[in-house]
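This report describes one protein model for a reader who is new to structural analysis. Please keep the sequence and the structure in view while reading.

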Amino acid sequence: MDISNRFEMFAEAIPGLMVIDTDGNLVYINEQCADYIKCDREKARGQFVTDVFPPSCMHEMLKGNKKYNVCFYFEDGRMSVSSQVQLREEGKVVGVLEYDTVQDLNGLDEMFMKYSESLRQEADYYREQVRAFQSTKYSIKNILGSSKKTQELKHQIELAATMQSTVLIFGETGTGKELVAHSIHNLSDRAFGPFVSVNAAGMPESLIESELFGYEDGAFTGAKRGGKRGRFELANKGTLFLDEVNQMPLSLQPKLLRALQEGEIEKIGSEEITKVDARIIAATNRDLYEMVQDNTFRDDLYYRLNVFPIIVPPLRERKSDIPELVRAKVEELNLERGKKITRIDPEVFRTLKSYDWPGNIRELYNRVEAAMNYAEGDTLYQEYFKFRADNSRVNIDELHSEENPIEAIKKEAERKLINETLIRFDHNKTKAAEFLKISRPLLYQKMRRLGIKV
Ligand SMILES: Nc1ncnc2c1ncn2[C@@H]1O[C@H](COP(=O)(O)OP(=O)(O)OP(=O)(O)O)[C@@H](O)[C@H]1O
Ligand SMILES: [Mg+2]
């Protein structure tokens, strides 16, 4: 059957179709549309469009350059979705064509269902990708070590993942607290939800508050237009990680406590209350109980956080993990730096096990990385780990500078101390300054004076 010139058949197949001329008068209306708006099709022709169908806005498309428009009509409790197209001949507008995609809410429901289903599938796909990506970096599989302490830690993580309780992770710097928090999240039934972290260290108070709770439009000068959602809200249906919670200013602790207790947050500059369902994991490298005794941490907040405590053991208490950690780091660096270390001299492990690792796994990794830089061949030797050099003797022949030798050796000691501290804290100046018991600006000043790269 030749249907190529049966325009009428095509036009009638559309749920609704109308065409107007440049005066806004109807030149065409199909049967289904006439039925829908309850008009006489023959009489309608030639009439102004709103005389036939008062809600119509087709004639507005005659003006301007908008070539395409979508509009929604609500009539008699029904709703239709229509598309409007400007008709042009040699660049000049000669009329407007409007066609309906659906003519009732049922049709709309179906349409939404179809789109939302495909959108949902798409969202699921991306969520899975993100999860796969995250979990390769931060899952329990990445917690290396087979010592008893590490096994016990993994067991605690698995247990915490089955619960909704607040977890408080305590551990020295570099022990893997962040890794633990991620692992709990990724093993929990919130794994598909967001993992949002907040670190209060080194942030001014007002900034922490707006990061945590967000603010309303115009809450303060310099506030972003339209306001901002806080991390609490962003963590809805997922996990909120309060990293270095010991650094949370005292003045903000009551507000944080309220949010944790009620699951409700109040944006800055707003009275409105938002319900948030976020699982809380907090981490600290200081004994919060001690801080409570010193009145630097609120006891009520401490008890609210300390529901399921997890203690991450320092590396010196699980030294048998060292070979596994070192091998893993070496392999990673082989790939990353194009090195070819296939052998580690057993002396290396003996040396590394004799050290106490105050900077824990992070420090170990940094030392391995530094040692790898010396390695030329395929073996990692103990000599590449220079940090254990015996400093008890002073080589006075080396003190031939113009300077006063006492000043020179003090300066040298200071330089070494700062360098070592920076290595331990992964060049985190805030932490290094805290450890050295000096201010951050003073640390910068000393680094510049001693010729340490900032
Ligand atoms: N058991 C482990 N196996 C492998 N890598 C680990 C392990 N624990 C920690 N790491 C690694 O050590 C480094 C430091 O870990 P992380 O950042 O989690 O420490 P942290 O306890 O949060 O330290 P800080 O208190 O200084 O923030 C990271 O590179 C992490 O991947
Ligand atoms: Mg951390």
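The text below moves from the whole chain to its cores, its ligand shell, its helices and a few single residues.

**Overall composition**

The model is predicted. The protein contains 18 helices and 16 strands. Of its 454 residues, 26% are buried. When contacts between residues at least 6 apart in sequence are considered, 63% of them join residues at least 24 apart.

**Nonpolar cores**

In soluble globular proteins, nonpolar side chains tend to be buried together. In this model, the largest nonpolar core has 40 residues. Within this core, the residues that touch the most other members are I169, V180, F232, I281 and A282. What is I281 in contact with, leaving aside its neighbours within four places in sequence? The partners of I281 are V167, I169, A181, I184, T239 and F241. A second core, separate from the one just described, has 15 residues, including V19, L26, I29 and V52.

**The shell around ligand 1**

There are 17 residues around ligand 1, and those that come nearest are L144, T173, G176, K177 and E178. By class, the shell has 6 nonpolar, 8 polar and 3 charged residues. Two helices, α7 (177–187) and α15 (360–374), each supply at least two residues of this shell. In terms of domains, at least three residues of the shell are drawn from each of domain 3 (139–313) and domain 4 (317–388).

**Helix α15 and its surroundings**

Helix α15, which contributes to the ligand shell, may now be considered in its own right. It has 15 residues and reaches 22 Å from its first C-alpha to its last, which is close to the 21 Å expected at 1.5 Å a residue. The buried residues of α15 are N360, I361, E363, L364, N366, R367, V368 and A371. They pack against α13 (322–337), β16 (379–380) and α16.

N360 lies in α15. This residue counts as buried because 22 other C-beta atoms lie within 10 Å, and the cut-off for burial is 20 or more.

**Positive phi angles**

Most residues other than glycine have a negative phi. Against that background, N360 has a positive phi of about 55° although it is not a glycine. W357 likewise is not a glycine and has a positive phi of about 55°. The place of W357 is the loop between α14 (346–353) and α15. W357 is buried because it has 23 C-beta neighbours inside 10 Å. A further positive phi, of about 60°, is taken by K437, just after α17.

**Helix α17**

Which residues of helix α17 (residues 429–436) are buried? They are K431, A432 and A433. These buried residues pack against α16 (405–424) and α18 (440–449). Helix α16 is thus named among the packing partners of α15 and also among those of α17.

**Three residues with distant partners in sequence**

The following table sets out three pairs of residues, with their separation along the chain and in space.

| Pair | Separation in sequence | C-alpha to C-alpha distance |
|---|---|---|
| D23 and V94 | 71 residues | 9.2 Å |
| A191 and K237 | 46 residues | 9.4 Å |
| E264 and E233 | 31 residues | 9.5 Å |

D23 is located in the loop between β1 (16–21) and β2 (26–29). Is D23 buried or exposed? D23 is exposed because 12 other C-beta atoms lie within 10 Å, and a residue with 12 or fewer is counted as exposed.

A191 is in the loop between α7 and β7 (195–199). With 18 C-beta neighbours inside 10 Å, A191 is partly exposed. Helix α7, on one side of this loop, also supplies residues to the shell around ligand 1.

E264 belongs to strand β11 (residues 264–266). E264 is partly exposed because 13 other C-beta atoms lie within 10 Å. Leaving aside its neighbours within four places in sequence, E264 is in contact with A259, I273, T274 and K275.

Technical notes: Residues are numbered from 1 along each chain as its sequence is written. Chains are lettered from A and ligands numbered from 1 in the order in which they are written. This is a predicted model: local features need pLDDT of at least 70, side-chain atom pairs count only at pLDDT 80 or more; totals for chains, interfaces and linings use all residues. Helices (H or I, at least four residues) and strands (E, at least two) are DSSP runs, numbered from the N terminus. Two residues are in contact if their C-beta atoms, placed from the backbone, lie within 7 Å. A nonpolar core is a set of buried Ala, Val, Leu, Ile, Met, Phe, Trp, Tyr and Cys residues joined through C-beta atoms within 7 Å. A residue is near a molecule or strand if its C-beta atom, placed from the backbone, lies within 6 Å of it. Ala, Val, Leu, Ile, Met, Phe, Trp, Tyr, Cys and Pro count as nonpolar, Asp, Glu, Lys and Arg as charged, and the others, Gly among them, as polar. Domain bounds come from an automatic or database domain assignment. The expected span of a helix is 1.5 Å times one less than its number of residues.
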